[in-house]
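Here are a few exercises to work through with the model open in your viewer. Try each task before you read its solution.

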Amino acid sequence: MIVLGSTSEVAQAFVEKALQEGEKFEKIYLLTSSREASERFAKHIDVKFFQQSEIIEIDLTKEINYTKLEQISSNLLFCATGFLGEGSEEGLYDDKNTARIIEINYSKLVPLINFFAQKFESKRSGTIIGLSSVAGDRGRQSNFIYGSAKAAFTAYLSGLRNYLFEKKVHVMTVKPGFMDTKMTEGLPLNPALTATPKQAADCIYKAFKKQKNSIYVLPIWSVIMLIIRNIPEFIFKKLKL
Amino acid sequence: MKPNFVKKVTNWGNFPVVEKEMRSEDQYSKIKDFVLNHNEIIARGNGRCYGDSSLAESIFSTKKLNKFISFDRLNGIIECESGVLLSDVLEISVPQGYFLYVTPGTKFISVGGALASDVHGKNHHAEGCFSEYVIDFKLMNEKGEIITCSREENSDKFWATIGGMGLTGIILSVKFKLKNIESAYIRQESIKAENLDEIFRLFEESESWTYTVAWIDCLQKGKDLGRSIMMRGEHAFPHELPEKLKNNPLRLKKKFSPTVPFYFPGFALNSLTVKIFNYLYYKKQAKKEVKNFTDYDTFFYPLDFVNDWNKIYGKKGFIQYQMMIPKDKGREGMQRILETIANSGSGSFLAVLKLYGKENPEAYNSFPFEGYSLALDFKVDKNLKKLIGQLDSIVEEYNGKIYLTKDSMSRSSLTNYLKNVENPKFISLQHKRILNNNTI
Ligand SMILES: Cc1cc2nc3c(=O)[nH]c(=O)nc-3n(C[C@H](O)[C@H](O)[C@H](O)COP(=O)(O)OP(=O)(O)OC[C@H]3O[C@@H](n4cnc5c(N)ncnc54)[C@H](O)[C@@H]3O)c2cc1C
């Protein structure tokens, strides 16, 4: 298994869930920009599941050295990289912030996924799970740079799914909604709309086994987003969302 | 939306409820920043203490310090971060033939919380407190430095932190020993006792058993005072087990745990319902003596079977009153405590009596000493303070003590026993209350 963004709590919870369910991986490749945090996780799964792993440092905001990734062999890719950045008010006119959001959530990420997609394609097997966001379903004033990058990522995953279908590789899009993670710590989130990483992982794992195409983590979000997507633009633009 | 981290926080008794800043980090550099930039900090594990000991102006939650570090399977030595729960430890250790040396009556507490309260179990008389099996731990002090503490290294901090209720700093990780077991089952005997004399005799007789505890029906008066059931147990060997358990003695089947869905209305728990509960509990066991095998979950953690059972006490919450009286006066003291409770009519669902062995004189902040302890749950209501005052007076008369991790309103003469912990950075609402001689 390959994990992009292996410090993500959802990614870690997913790895644990898969191992608990008895999935076997020769090795888990933890791709990360933070060695310290991934090392903690690597030791943890070794103690808990006798699971071997390898940490590979990559930084999406820098040039990626693909030779480090050549030897990786797996047929499951879990992509949880993401960067929320500063919301529109503070971040909109800060070019660095904007660039980072677009790089990490989309422009630098896509070639990296393509690299693995090609490997999967040539073996004619594998699953790619990508964490996108409900923020990509419709641009809202509070986080539309992030949302636009996620919208692009959602479109990419959908196209990739279509492209790889014939090649026996499955692509699954996950739109988590609010989650109780580092990204949202300290924010006053409605508990009924917020999933814990463990809940998210359980739900993603189930959908993975059923080869679902696109899922919301909590079912309530499909209803919320259905409504949000269908508000007429002339009303939507006046809303403070 | 800017994060402000202010949250409603409360512990297992749902009393008191406070709104304070609570943060959780998993990187040491960020924890250090938190420590340096805040005052009046306390660490909080899984909030399974009953009162205000893990509440403060700024709370550091160890929720994210939830990773295992190493497991020496040959010698049964495990190291993990402080937020790892005992249930997580058991999940990996039991199938490999290891159990916790010391476990409290719930497995949903953190390793950090076990150390900070120096918890005890049903085997205190035989195996002591949690700290006996701790090899070393890492502590972040008020300067944000990480120090390793063991019996040899920084031993003053080692002993002050054990039972020190988080007042010496934030425990980051703990390395401790596990005990060998050959099955996940307990050979158990439950014996009914008609009254106090009989249960005290049973305790004295059972000293060679590793695990002993008694459940008391504390509404009984007169000749029935102290009516109770003694439970004693040993880790079972595979050859003793019934046939159907022999094949896979270290694995338990997954059980279903119901959840209490909401706070019960205040009137649901009154002296009548408690009376009925206690009556049924005692009568459930028809025979004087029952011998059987039970899995470790049922034996050690019967209460964990119902998630969120604390909600049955209603929104106002409840307290647990756990006191301890020296052994020679145990029988007399308990009689007076039980009489006072029976006369007050404020029943307790759960009254647990336990005989403790000798204390470890080095672990000077630990609660237990050689004697008897009784733990009782009481719903918070207008009569409670008066009753606690009466009980406190009796405990004081017998030179007893109150368990800090359960305390929320006892008088400070019974709770002000920690030494070597004064620290400008780390102070809990509980410690402040005790120092100011206040009750909530
Ligand atoms: C149903 C039930 C049964 C129980 N039975 C028993 C029993 O049989 N024996 C017994 O001894 N106890 C018992 N307890 C009490 C429980 O074991 C203790 O309160 C334990 O400390 C709770 O651990 P926690 O992780 O929830 O910590 P918390 O409740 O969050 O904190 C408890 C104390 O530990 C400190 N602390 C927690 N983590 C750290 C850390 N990382 N660094 C520094 N300080 C820290 C806090 O500051 C606080 O003072 C029981 C509790 C319940 C709810």
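Accessible areas here come from the Shrake-Rupley method with a 1.4 Å probe. Keep in mind that this is a predicted model.

**Exercise 1.** Work out what the accessible surface of chain A comes to, and what share belongs to carbon and sulfur atoms.

Solution. Step one: the accessible surface of chain A comes to about 11700 Å². Step two: carbon and sulfur atoms hold 54% of that surface. Step three, for the residues rather than the surface: 53% of the 241 residues in chain A are buried, where buried means under 20% relative accessible area.

**Exercise 2.** Decide how the radius of gyration of chain A stands against the globule rule.

Solution. Start with the secondary structure: chain A has nine helices and nine strands. The radius of gyration of chain A is 18 Å, and the globule rule gives 18 Å for 241 residues, so chain A is as compact as a globular protein of that length. For the extents, the C-alpha trace of chain A spans about 55 × 40 × 35 Å along its principal axes. Now turn to contacts: among those in chain A with a separation of 6 or more, 74% join residues 24 or more positions apart.

**Exercise 3.** Find how far apart the mean positions of the positive and negative charges of chain A lie.

Solution. Count first: chain A carries 32 positive and 26 negative charges. Then take the mean position of each set; the two are 7 Å apart.

**Exercise 4.** Place A:Thr196 in chain A and say whether it is buried, partly exposed or exposed.

Solution. A:Thr196 sits in the loop between β8 (194-195) and α7 (197-209) of chain A. Its relative accessibility is 32%, so A:Thr196 counts as partly exposed. As a distance check, A:Thr196 and A:Lys119 are 77 residues apart along the chain, with 32 Å between their C-alpha atoms.

**Exercise 5.** Look at the backbone of chain B: which peptide bond at B:Pro16 is cis, and what is phi at B:Asp308 and B:Asn399?

Solution. Begin with omega: the bond from B:Phe15 to B:Pro16 is cis, with omega near -5 degrees. B:Pro16 lies in the loop between β1 (6-9) and β2 (18-23) of chain B.

Next, B:Asp308 has phi near 60 degrees, a positive value in a residue other than glycine. B:Asp308 belongs to the loop between α9 (296-300) and β15 (318-326) of chain B, and with a relative accessible area of 28% it is partly exposed.

Finally, phi of B:Asn399 is near 55 degrees, a positive value in a residue other than glycine. B:Asn399 is in the loop between α11 (384-397) and β18 (401-402) of chain B. Its relative accessible area is 65%, so B:Asn399 is exposed.

Key
Residues are numbered from 1 along each chain as its sequence is written. Chains are lettered from A and ligands numbered from 1 in the order in which they are written. This is a predicted model: local features need pLDDT of at least 70, side-chain atom pairs count only at pLDDT 80 or more; totals for chains, interfaces and linings use all residues. Side-chain values use heavy atoms; hydrogens and water are left out. Helices (H or I, at least four residues) and strands (E, at least two) are DSSP runs, numbered from the N terminus. The radius of gyration is taken over C-alpha atoms; the globule rule is 2.2 Å times the number of residues to the power 0.38. Buried means under 20% relative accessible area, exposed over 50%, partly exposed in between (1.4 Å probe, protein chains only). Contact means heavy atoms within 4.5 Å. Lys and Arg count as positive and Asp and Glu as negative; His and the chain ends are not counted. The place of a charge is taken as NZ of Lys, CZ of Arg, CG of Asp or CD of Glu.
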